[in-house]
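Morning, everyone. I'll take one model today and go through its domains, its ligand shell and two helix contacts.

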Amino acid sequence: MDNLTYLSNADSAYVDGLYQSYKQDPQSVDFGWQKFFEGFDFGQNAGGTTSSVGEATPEHVLKEINVLNMINGYRDRGHLFTHTNPVRERRKYYPGKELETFGLAEADMSTVFNAGVEVGLGPATLKDIRQLVEDTYCRSIGAEFKYIRNPEKIKWLQDRMEADRNMPKFSLDTKKRILNKLNHAVVFENFLGTKFLGQKRFSLEGAESLIPALDSVIEKGSEIGIQEFVIGMAHRGRLNVLTNIMGKSYKSIFSEFEGKTYADDPEVNFGGDVKYHLGFSSEVKTNDGKSVHLSLAPNPSHLETVDPIVEGMVRSKIDFKYDGDSSKIAPIIIHGDAAIAGQGVVYEVTQMSKLDGYKTGGTVHIVINNQIGFTTNYKDARSGTYCTDVAKITSSPVFHVNGDDAEAVVYAINLAVEYRQKYKTDVFIDLLCYRRFGHNEADEPKFTQPLLYKIIEKHPNPKEVYAKKLISEGSIDEAYSKNIEKEFKAELQTKLEEAKTIEVLTEDLPMFKGAWEGLRPAKKGEVSTTTDKTKVAKDLFLKLAKEITTLPSDKKILP
Ligand SMILES: Cc1ncc(C[n+]2csc(CCOP(=O)(O)OP(=O)(O)O)c2C)c(N)n1
C-alpha cells in the first residue's frame, strides 16, 4: 500500500536495535525511521504530557509505526476516497482507509502517538491525526503527487496542504469575488440559452467554476510574477471565457449570434461554429491594478490540436520577448475529459514539456471533466483511473477538485500555479463537474445517459450551491445573492438590445492587431484552391482505388 507497509511486521527487539543505532548516528537508519525516532524523542522530551508515549511499551512502539503507515497511506491513496464528484458516487477502491487497513482500531483513537509530529501536530491522539489526514486528502480535493521523484517537491506539497488541511480560508472580499464570477458564468449561459434558443453554445453549465478558477490563476499568477498567459481551449465554455475572462464585449457575442458581420471585414461570417474557433487577445487589470496580457489561441475543430500551438506561442515569447525568462508568461490549456485521455497529441506535447528546445516553464492544464464525451460515459472511454493519468509521465502533480466547491477549486488552482512558478513543471487541475445539457444543447442526453441526467436535472447550479454556503455561514444574505443576479441579467438585456440595433460590428478583431497587423481571415474561395501540379487523372485515380481494394486471387484470406 505504501513504502512503510513492511514495517508493520517489525518486532520490538528489531525496533529497539534500530533506535540504538539512531541514537549513535541518525543517518545510519532509513529516512522514515529517522522521522519516527525524532517524533519519539520529541514525545519523550515533552515531559510526561503524553502518558502513553512515556510508557513506550513494545506494542505501542509498533502502533506508532502503524500510525505513520496510515499517514503515508492517506498521502498516497487518499485521492481515491474523496468527495470530488458532484453528481455521482465514486467507484470503490480496495483496500479502503478503515483503521483496520493500517493495523489500528477504534480502541486506539484516544491514544497519543508521536507520529503526530509527522503532520505538524506534535504528539497527538489518533483521532486528531486521522482527522487531519481525512480533511487534507479526502474532502473536495484529491491530490496525486506521491509519484513525484524529488522528495523536496513532495515535502513542499505535503507541508502546504497539511498546514491548512486543503481547506481554504478566504477573506469576505475574495468570497464575494468568487460568487460574482460564478454569477456571471451562470447567468450568461442561461441568458444565451433563453435568448438564442436552438443555437449551439457548447455551454459551460455544470462546470461554471472554471470562470472563478481562471480569474484566480490570473490574479495569483500576476501576484507571483506572471505578466502574460496564452490560453488554448476547445468549444466547451469558450463564449463564457471570451466574455467573462478575456473581456470580449457581451454586445459583440450577441451580435455574432444575431448574424451581424464586422465592418473591418464583412466577409468574416459567424455562422456555423466560427464563434468557437477564432482567437482573441486583451489586456486585463488585476484586483491590485497590475496589467496582464491574455491571448486565446484560434483553434481548429480537431480536439487538442491547439496544444502544441499554445506551447509554441509561449516558447517564442519566452525567447524573444522575455529574454528566456519563463516565469513571466505561462500557457494554460483547457481540455475535455475525453479529449485529454484519448488524443495522442496530448502525450506528445507532455513528453516535450521538459526538453530544452521546447519547454515553456510548465503548463497549467485544466480539465473540464464533465464525465462524458459526446454520449460516452467515462467508464467506456478510457482504461486509466483518471483522465489526467498522462500527468504521471512527467511526474506532474494533479489536483482532482469538486467543481461544486468553488472555494476548493480556487484554492487548488492557486496552489498549482505557485507550484508551476516554483518548480517550472506542468500542473493539472481535474475539475470534476457535469454537463447540464446535451453535447451542444440540441441533443437529448437522456437517450444515452438516463440515470445520470435524472440526477443532473435536479442538481442546483454551482452559483446556487456557493450562495447557499455563504448564506449559511453568514457571509452574505439572500438579498445579496438575488441582487447580483438581477443586476447582471439587466446588464445583459441592455447589451442585447444594443446589439440588435447595430448593422455591422465596429469592434476590432483584436487577433489581427499588434504583431499581426495586416493579416486577415481567408475569404471564401481562397483556401482549398488546388493547382494542376497535384492533379491526378480520374482514370488513374479509379484504377488505384480498385487495385488497393481488390483481394489478391492467389492468397487464401481468412474471413
Ligand atoms: C480529434 C477529434 N476527434 C473527434 C472530434 C469530434 N468531437 C467533438 S467534441 C467530442 C467530444 C469531446 O468530449 P470531451 O473531450 O469530454 O469534451 P466535452 O464536449 O464533454 O466538453 C468529439 C468526439 C473532434 N472534434 N476532434
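The domain bounds I'm about to give come from an automatic or database domain assignment. On that basis the chain has domain 1, residues 5–137, and domain 2, residues 172–516. Keep in mind that this is a predicted model.

Domains, then. How far apart are the C-alpha centres of domain 1 and domain 2? The answer is 41 Å. The two domains do touch: domain 1 puts eight residues into the contact, and domain 2 puts in twelve. Look at the domain 1 side of that contact. Five of its residues are polar, two are nonpolar and one is charged.

Next, the ligand. Its shell holds 16 residues. The closest are R236, G336, A338, A339 and G373. Which elements supply at least two residues of that shell each? Helix α12, residues 337–342, and strand β10, residues 372–373. The largest share belongs to α12, with three residues. By class, the shell has seven polar residues, six nonpolar and three charged.

Now the helix contacts. Start with α7, residues 172–195, and α16, residues 462–472. Their axes come within 9 Å and cross at roughly 155°. An angle over 145 degrees counts as roughly antiparallel, so that is the label for α7 and α16. Left-handed or right-handed? The crossing of α7 and α16 is left-handed. On the α7 side, the contact residues are K175, I178, L179, L182, N183 and V186. From α16 come P462, K463, Y466, A467 and L470. This contact divides into eight nonpolar residues, two charged and one polar.

Second pair: α10, residues 250–257, with α17, residues 478–501. Here the axes are 8 Å apart, and the packing angle is about 50°. Angles under 35 degrees count as roughly parallel, and 65 to 115 as roughly perpendicular. About 50° fits neither of those, so α10 and α17 are oblique to each other. The crossing of α10 and α17 is right-handed. Who meets whom? Helix α10 brings Y250, K251, F254 and S255. Helix α17 brings L492, K495, L496, E498 and A499. By class, the contact of α10 with α17 has five nonpolar residues, three charged and one polar.

To recap the two pairs. α7 and α16 are roughly antiparallel, with a left-handed crossing. α10 and α17 are oblique, with a right-handed crossing. That's it from me.

Note on methods:
Residues numbered from 1 in each chain as written. Predicted model: local features only at pLDDT ≥ 70, side-chain atom pairs only at ≥ 80, totals over all residues. Near = placed C-beta within 6 Å. Helix = DSSP H or I, 4+ residues; strand = E, 2+ residues; numbered from the N terminus. Nonpolar A, V, L, I, M, F, W, Y, C, P; charged D, E, K, R; others polar. Axes fitted to C-alpha atoms, helices over the stretch in contact; angles between N-to-C directions. Left-handed = near helix turned anticlockwise from the far one by under 90°. Contact = placed C-beta atoms within 7 Å.
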